[in-house]
Amino acid sequence: MARFLVLMMVMAVPLCADPLGDSAQGALIYAQSCARCHRDVAQLDLASATPEDLTLFLTRHRTRSDQGSDQDRADLVAYLLPQAPTQELSE
């Protein structure tokens, strides 16, 4: 029974950051943490990227955001995908 409760608690934790990030803050994070390797955002192939995919990628990628900051990830997503819909990811 205890394992079941722990599993249910883990499953209740959202896997993705709130999609309502601050794109201006995301630009600063990109400049500080990403631009050194990835250079200009225009050179990134984000045409088929979804907010969910990018959030998951940023969770695993070697960035300032992999330190556990959901807000940093949300800010980067808002900056990198400005056309992304601002709706809850758990629909």
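What percentage of the 91 residues in the protein do buried residues make up? In this predicted model, the buried share is 26%.

**Overall architecture**

The protein contains 4 helices and 0 strands, and its elements follow the pattern α-α-α-α along the sequence. Among contacts with a separation of 6 or more, 71% join residues 24 or more positions apart.

**The nonpolar core**

The largest nonpolar core consists of 11 residues, namely I29, Y30, C34, V41, L46, L54, L58, L76, V77, L80 and L81. Helices α2, α3 and α4 each contribute at least two residues to this core. One of its members, C34, is in contact with I29, R39 and L76 once neighbours within four places in sequence are left aside.

**Helix α3 and its cover**

Helix α3 spans residues 51-60, and its buried residues are P51, L54, T55 and L58. Viewed down the axis of α3, these buried residues fall within an arc of 100°, so they line one face of the helix. The cover over the buried residues of α3 includes α4, residues 70-80.

V77 illustrates this packing. The residue lies in helix α4, and beyond four places in sequence V77 touches P51, L54, T55 and L58. V77 counts as buried because its relative accessible area is 4%, which is under the 20% limit. From C-alpha to C-alpha, V77 and A27 are 9.9 Å apart in space, although 50 residues separate them in sequence.

**A buried aspartate and an exposed arginine**

Which residues does D75 touch, not counting those up to four places away in sequence? The contacts of D75 are G21, D22, S23, Q25, G26 and I29. D75 is found in helix α4, and this residue is buried because its relative accessibility is 3%, under the limit of 20%.

R39, which is in contact with C34, belongs to the loop between α2 and α3. Its relative accessibility of 52% is the reason R39 counts as exposed, the threshold being over 50%. Most residues other than glycine have a negative phi. R39 is not a glycine, yet its phi is positive, at about 55°.

The relative accessibilities of these residues are set out below.

| Residue | Location | Relative accessibility | Class |
|---|---|---|---|
| D75 | helix α4 | 3% | buried |
| V77 | helix α4 | 4% | buried |
| R39 | loop between α2 and α3 | 52% | exposed |

**The largest pocket**

Rolling a probe the size of a water molecule over the atoms shows where empty space is left. How much space lies in the largest pocket? The largest pocket holds about 210 Å³ of space. Of the 14 residues that line this pocket, L44, L46, L54, F57 and L80 are the closest to its centre. Helices α2 (23-38) and α3 are the elements that give two or more residues to the lining, and α3 gives the most, with 4 residues. By class, the lining comprises 9 nonpolar, 3 polar and 2 charged residues.

The pocket lining and the nonpolar core can be related through individual residues. L46, L54 and L80 are among the lining residues closest to the pocket centre, and L46, L54 and L80 also belong to the largest nonpolar core. L54 is, in addition, one of the buried residues of α3 and one of the residues that V77 touches.

Methods. Residues are numbered from 1 along each chain as its sequence is written. This is a predicted model: local features need pLDDT of at least 70, side-chain atom pairs count only at pLDDT 80 or more; totals for chains, interfaces and linings use all residues. Side-chain values use heavy atoms; hydrogens and water are left out. Buried means under 20% relative accessible area, exposed over 50%, partly exposed in between (1.4 Å probe, protein chains only). The arc is that of the directions from the helix axis to the C-beta atoms. Contact means heavy atoms within 4.5 Å. On a 1 Å grid over the protein atoms alone, a cavity is a set of points where a 1.4 Å probe fits but cannot get out, and a pocket is an open set with protein on both sides within 12 Å along at least five of seven lines; lining residues have an atom within 4 Å of a point. Grid points are joined across faces, edges and corners, and a volume is the space filled by probe spheres set on the points. Ala, Val, Leu, Ile, Met, Phe, Trp, Tyr, Cys and Pro count as nonpolar, Asp, Glu, Lys and Arg as charged, and the others, Gly among them, as polar. A nonpolar core is a set of buried Ala, Val, Leu, Ile, Met, Phe, Trp, Tyr and Cys residues joined through side-chain atoms within 4.5 Å.
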